[in-house]
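Colleague: Thanks for sitting down with me over this one. Could you put the model up, and then I will ask how you arrive at the labels you use?

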Amino acid sequence: MVSYTSYFIYRRAENPLQILKFRSIFFFSLEATCWQTYGTLRHCHSGSERGKNQKLTNRVGLFWDLDNKPPNSIPPYEVANKLRIAASSFGVVRYMVAYANSHTFSHVPQGVRESRKEKELLYRLENKGVIKPNQPYRCKVCGRKFYTNDKLVNHFKQLHESEHTKRMNQIESARGSRRVKLVAKYSMKMEKYKKAASDILTPKVGYGLADELKRAGFWVRTVSDKPQAADQALQSHIVDIMDHRRVECVVLVSDDSDFVDVINEAKMRCLKTVVIGDIDEGFLKRTADTAFSWEEILMGKAKKQAVSVVKNWKDRDILKKLEWTYNPDEDKSNFNLDDTVTEASEDDNIEDTTCDEVDDAYKDDRGSWWELDSDDDATNRQSGKLSGLSVNR
């Protein structure tokens, strides 16, 4: 095959129109060759990706009633991650919502109080030089080492907390695209600071429940301190999401039987329902499709059991599609049973009249049907019929 450059060199001075014609033909054939070579690969690749995207997965909504099921002595961030992992076994987690009143966020559980007292006593002994830590305390932001916790806390507050405050003020004062750029610029540093602050600094309110849940990806909402305020707000949120058909599976973290109506409503809308709580024989758990306890969530057993649960759901959906139900109105409209019945009745009347006439025409009073006629009788009957026909004519 002659290349385009060689052909152009040899035929440059002969005819420029032929050169332009060759150029158009050459590039057209090259484009067709590339399309045949790479177009099929691109088509196969897009087809495979389309097949992956079309894989049916349930959209899951995780709803947490913090007033009824707080994490208590368990670290909130750890519990939130375990819940998210367990909920992701049923599909793609799209919503993670937690509701509670201000008292729940400000309350400090008894186990957390005892651990704080033990740590304070340990830090006092370190400051007096009575005991020494086995390993020095390390700052998780800059990596510096300290031999007492008080020195680490002072370093963190004086240096890193002040820097974080400056960043936040800079972001809040900015507007438009500058603000977006600053958030992108400081996002890694702010995330690193939040992780370090949750371990070093003591939360000012409660034990850091709201901040830890937000860090885990939950949308935390504080309601009024009125009784049942959190339950009502969470119920309305679940119903709103169901109305807009944003989820196919509802995962509820609660032991409160007030949510039974919401679970029944979700089941009536053909949604999958999962309840996480500690009451084994509760009415809420018996209403849902499946249920798990805190222990199963923290131990990772719920993720293993969710595989069989999802398989049973798929089998149930397939059986529902294969089910046949009799709908008389639909069958009546499709086949017009009234018309067929009337036509059949008219045909029956016609058949009855014709049969009666035929029977009357062939009635014979001379004897029974099983008695054979002699030759004389047969000739007489035929002659009588012929005479009757002649008379009628």
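Modeller: Here it is, and keep in mind that this is a predicted model.

Colleague: Why is the pair Cys139 and Cys142 not called a disulfide?

Modeller: A disulfide needs two cysteine sulfur atoms within 2.5 Å. The sulfur of Cys139 has its closest cysteine sulfur in Cys142, 3.6 Å away, so the two are too far apart for a bond. Cys142 is likewise in no disulfide, its nearest cysteine sulfur being that of Cys139. The structure as a whole holds zero disulfides.

Colleague: What makes Cys139 buried or exposed?

Modeller: Buried means under 20% relative accessible area. Cys139 has 2%, so Cys139 counts as buried.

Colleague: And why is Cys142 called partly exposed?

Modeller: The label covers values between the 20% cut-off for buried and the 50% cut-off for exposed. Cys142 comes to 39%, therefore partly exposed is the right term.

Colleague: Which annotation does UniProt list for residues 137-165?

Modeller: An unreviewed UniProt entry gives "domain: C2H2-type" for residues 137-165. In the model that span is 59% helix and 14% strand, and its end C-alpha atoms lie 24 Å apart.

Colleague: Let's turn to the interior. What makes a group of residues a nonpolar core?

Modeller: Its members must be buried residues of certain nonpolar types, joined through side-chain atoms within 4.5 Å. The largest such core here has 36 residues, and Leu62, Trp64 and Phe90 are among those with the most contacts inside it. Elements that each supply at least two residues include β1, α3 (76-88), β2 (92-101) and β6 (249-253). Another core, of 23 residues, lies apart from it, with Val260 and Leu284 among its members. In soluble globular proteins, nonpolar side chains tend to be buried together.

Colleague: With which residues is Leu62 in contact, leaving aside its neighbours within four places in sequence?

Modeller: Among them are Leu83, Tyr95, Phe218 and Val251.

Colleague: How do you know that Asn58 and Glu248 come together in space?

Modeller: They are 190 residues apart in sequence, yet their C-alpha atoms are 5.4 Å apart. Contact means heavy atoms within 4.5 Å, and Glu248 is on the contact list of Asn58, along with Phe90, Gly91 and Val92. Asn58 itself sits in the loop between α2 (16-53) and β1 (59-65).

Colleague: What share of contacts in the chain, between residues at least 6 apart in sequence, join residues at least 24 apart?

Modeller: That share is 61%.

Conventions:
Residues are numbered from 1 along each chain as its sequence is written. This is a predicted model: local features need pLDDT of at least 70, side-chain atom pairs count only at pLDDT 80 or more; totals for chains, interfaces and linings use all residues. Side-chain values use heavy atoms; hydrogens and water are left out. Helices (H or I, at least four residues) and strands (E, at least two) are DSSP runs, numbered from the N terminus. UniProt positions are given in the numbering used here, feature names are shortened, and annotations may be inferred rather than shown by experiment. Buried means under 20% relative accessible area, exposed over 50%, partly exposed in between (1.4 Å probe, protein chains only).
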